[in-house]
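Subject: Structure handover

Hello,

I am passing on the structure we discussed, with notes on what was found in it. Please look it over before reading on.

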Amino acid sequence: MPSAQNAALFLSAVLAAFISLGDAVPAYSDAALFLSAVLAAFISLGDAVPAYSGLAELSETSGDEAQDVEGKSPLSEWQKWYLMARDLHRDVKTLRDQQFERDFRETENMTAYEGVRIETPLLEPSDGCLSRNFSAERCLSRIYSVLTWYKENWSFMEKENLTWSLVKDIKHGSKRLLEALNSQLQIADGQTDQISSAPLSVRSAWTRKTTTHSILFNFSSVMIDTCRALNYISKHKAAHRAKDTKRPADWSSDKNSFT
């Protein structure tokens, strides 16, 4: 529990000050004894409850305060899709970091390669996935199209010497998430927005490395935005369900709830 540990550090500094004052002014000795007891309690709490890494990852991808949706029962469909997207982001990010460490040992900073990355599909502000202009239908349709591009071009990654278990899990996770989104969007084959992009070509070992890095880096960014959008919809749906339970007369269609 990082917050308890931070508080312990702060109390340690305060305690040291009181002890110092206690040597000169006896009245401060009692305060120092009290702070000693409080400090011991915080240290015990910090040691007993380790930080839960899953919450840190959830906080990074949600764009909001950490929400342990796994602890709720039963999960809504939107919560299941959010967790699905979160797992997919975790795998893509892990593979991205592994490939970067292997192929670009000379630097630890990915921003140094921003100028050599190829363009692959991303979610843009105009796609309706930001809270200020959120549109569930437009955002989910764009996410579906972008994820379809990465799924269709994943064969490039399968030819690389990457951790095979992660490559396979990402392929499977992408397929599952696309099927889940399609169950909401009801998109027929061939009806997705076609994303035009230059064909993935490899002219040298360097190009192969930068292309692989570009796909994984941008795919990870897409999944962060996807997690944020699905988490936003999940919370919005939950809020509407609570409101509708109190005021059944105010029920509205799902399509109009988020546009």
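The notes below cover salt bridges and then one helix.

Keep in mind that this is a predicted model.

Salt bridges

The count of salt bridges comes to 11. Three of the pairs are described here.

Asp127 and Arg142 form a salt bridge, with 3.4 Å between their closest N and O atoms. This pair connects distant parts of the chain: Asp127 sits in the loop between helix H4 (77–103) and helix H5 (136–152), while Arg142 belongs to helix H5, and the two are 15 residues apart. Asp127 has a relative accessible area of 11%, so this residue is buried. Arg142, at 23% relative accessibility, is partly exposed, because the cut-off for buried is under 20%.

Arg90 and Asp91 also meet through their side chains in a salt bridge, at 3.4 Å from N to O. Here Asp91 counts as buried, with 12% relative accessibility, whereas Arg90 is partly exposed at 39%.

In the third pair, the side chains of Glu179 and Lys175 form a salt bridge with an N to O distance of 2.7 Å. The two residues are 4 apart in helix H7 (residues 164–185), which means that about one helical turn separates them. Glu179 is partly exposed, at 46% relative accessibility, and Lys175 is partly exposed too, at 40%. Elsewhere, Asp87, Arg90 and Asp91 are joined into one network by salt bridges that share partners.

Helix H7

H7 has 22 residues, and at 1.5 Å a residue they should span 32 Å. The C-alpha atoms at its ends are 31 Å apart, which agrees with that expectation.

Which residues of H7 are buried? They are Leu166, Val167, Ile170, Gly173, Ser174, Leu177, Leu178, Ala180, Leu181 and Leu185. Viewed down the axis of H7, the buried residues fall within an arc of 160°, so they line one face of the helix. Glu179 and Lys175, the salt-bridged pair in this helix, are partly exposed.

What comes after H7? The residue that follows is Gln186, which has a positive phi, near 55°.

Regards

Note on methods
Residues are numbered from 1 along each chain as its sequence is written. This is a predicted model: local features need pLDDT of at least 70, side-chain atom pairs count only at pLDDT 80 or more; totals for chains, interfaces and linings use all residues. Side-chain values use heavy atoms; hydrogens and water are left out. A salt bridge is a side-chain nitrogen of Lys or Arg within 4 Å of a carboxyl oxygen of Asp or Glu. Buried means under 20% relative accessible area, exposed over 50%, partly exposed in between (1.4 Å probe, protein chains only). The expected span of a helix is 1.5 Å times one less than its number of residues. The arc is that of the directions from the helix axis to the C-beta atoms.
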